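Work through these exercises with the model open beside you. Each task is followed by a solution in steps.

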Amino acid sequence: MSETWDPLGTLRRTLWIGGAQWAGKSTVARILARRHGLTAYHYDYHDARGHQDRRIARRVALGEPTTDPDPETAWVHTTAEAMAAETIAGFPIRFEWALDDLRGLYTERPIIAEGWGLRPELVAPLLDDPRRMVLLVPTEEFRRHQLAVLPRAGAMSRQFSDPARAQANRVERDRLVGADAARKAGELRIRVIEVDGSRDADAIADEVAEHFGPFLDAHTATAA
C-alpha cells in the first residue's frame, strides 16, 4: 500500500498532533520540538502553499478547471454542513501529499507533525502504537475566545458580499470538522485532549509530552 512506503523511515518515527482549528496544535508542536530536539512539520503551512502545484496538477489530470472555485460560491452561497462534508472528503488526497513530504524528509530526530488534516482515520494505519498520536480540540468557550483574540481566526482575508455569513460558515465548518475528528479518534482509541483555556500552551505541551513519553524517552536515550 502506498501509505506504508517509507524509504527513509521517517513515517515510522513520526509523532502526530491532529484535531480542530484554534486548539494550539502549531504552538504545542513548536514547544515540543524546541524542548526535545524534534523536527516539526506544519501541515497547514505546506497545504496552503507548497501543495498548490499538486492541487493544480490533479485538477488538470481530472479535466477540472485549474482555478479555485468562486469565493462567493465557496463561502457565501453554501452551508457550513456542505463545506464540512467537502473538506472531510478532500482530506485523503491532501494527506497523501503530506505523506510525500514526510517520506522525503530525512532527519536523525523524530518528526512531530501537526495539522487539522492529519486525521485519525488516515494516520491510524501508519501507527505501531496509538500513543504516537493525540488530538487537541478546543471547548466551545475557548473556541469563541480564540475567534475573538486571534486576528486570523476572527476575520476572513477576502472581501465578500456578505462577510458575516462567510465567517459564520467558516466557523461552523471548522467546528463540524473538529467534532468529526474527535469522534473518529474515539472510535480508534486515539487520545483527545480538550483545551479549555485554563492552562497555557506550555502546560498543554507538558501533557502532550507525557502522552508521547515512551517515544521521547527513547529518542533522548539514543541521542545520549
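**Exercise 1.** How many bridges join S2 to strand S3, and in which direction do the two strands run?

*Solution.* Note that this is a predicted model. Find S3 at residues 111-114. Four bridges join S3 to S2. The two strands run parallel. For one facing pair, take His42, which stands opposite Glu114 in S3.

**Exercise 2.** Give the strand order of the open sheet and name its edge strands.

*Solution.* Start with the order: the five strands run S2-S3-S1-S4-S5. The pairing is parallel. Now look at the edges: strand S2 (39-42) and strand S5 (191-195) each pair on one side only. Then add the twist. Neighbouring strands of this sheet are turned by 20 degrees against each other on average, with direction ignored.

**Exercise 3.** Which strands does helix H1 touch, and what angle does H1 make with S3?

*Solution.* Locate H1 at residues 25-36. H1 packs on the sheet and touches strand S1 (15-19), S2, S3 and strand S4 (133-138). The direction of H1 makes about 170 degrees with that of S3.

**Exercise 4.** Describe the span of helix H5 and locate its kink.

*Solution.* H5 covers residues 80-103, 24 residues in total. From first C-alpha to last, H5 reaches 34 Å. That is close to the 34 Å expected at 1.5 Å a residue. Next, the kink: a bend of about 40 degrees lies at Phe91. The proline Pro92 follows shortly after.

**Exercise 5.** How do H5 and helix H9 cross, and which residues make the contact?

*Solution.* H9 spans residues 163-187. The axes of H5 and H9 come within 8 Å. They cross at roughly 50 degrees, and the two helices are therefore oblique to each other. H5 passes H9 in a right-handed crossing. On the H5 side, the contact residues include Ala84, Ile88 and the kink residue Phe91. On the H9 side, they include Arg173, Leu176 and Val177.

**Exercise 6.** Which residues of H3 meet H5, and at what angle do the helices pack?

*Solution.* H3 covers residues 52-61. H3 and H5 pack at an angle of about 130 degrees, with their axes 11 Å apart. H3 and H5 are therefore oblique to each other. H3 passes H5 in a right-handed crossing. Finish with the side chains' owners: Arg54, Arg55 and Arg58 in H3 meet Ile93, Trp97, Asp100 and Asp101 in H5.

Key: Residues are numbered from 1 along each chain as its sequence is written. This is a predicted model: local features need pLDDT of at least 70, side-chain atom pairs count only at pLDDT 80 or more; totals for chains, interfaces and linings use all residues. Side-chain values use heavy atoms; hydrogens and water are left out. The expected span of a helix is 1.5 Å times one less than its number of residues. The bend at a residue is the angle between axes fitted to the seven residues ending there and the seven starting there. Two strands pair if DSSP finds at least two bridges between them. Axes are lines fitted to C-alpha atoms, for helices over the stretch in contact, and angles run from 0 to 180 degrees between N-to-C directions. Contact means heavy atoms within 4.5 Å. Angles under 35 degrees count as roughly parallel, over 145 as roughly antiparallel, 65 to 115 as roughly perpendicular and the rest as oblique. A crossing is left-handed if the near helix is turned anticlockwise from the far one by less than a right angle, and right-handed if clockwise.
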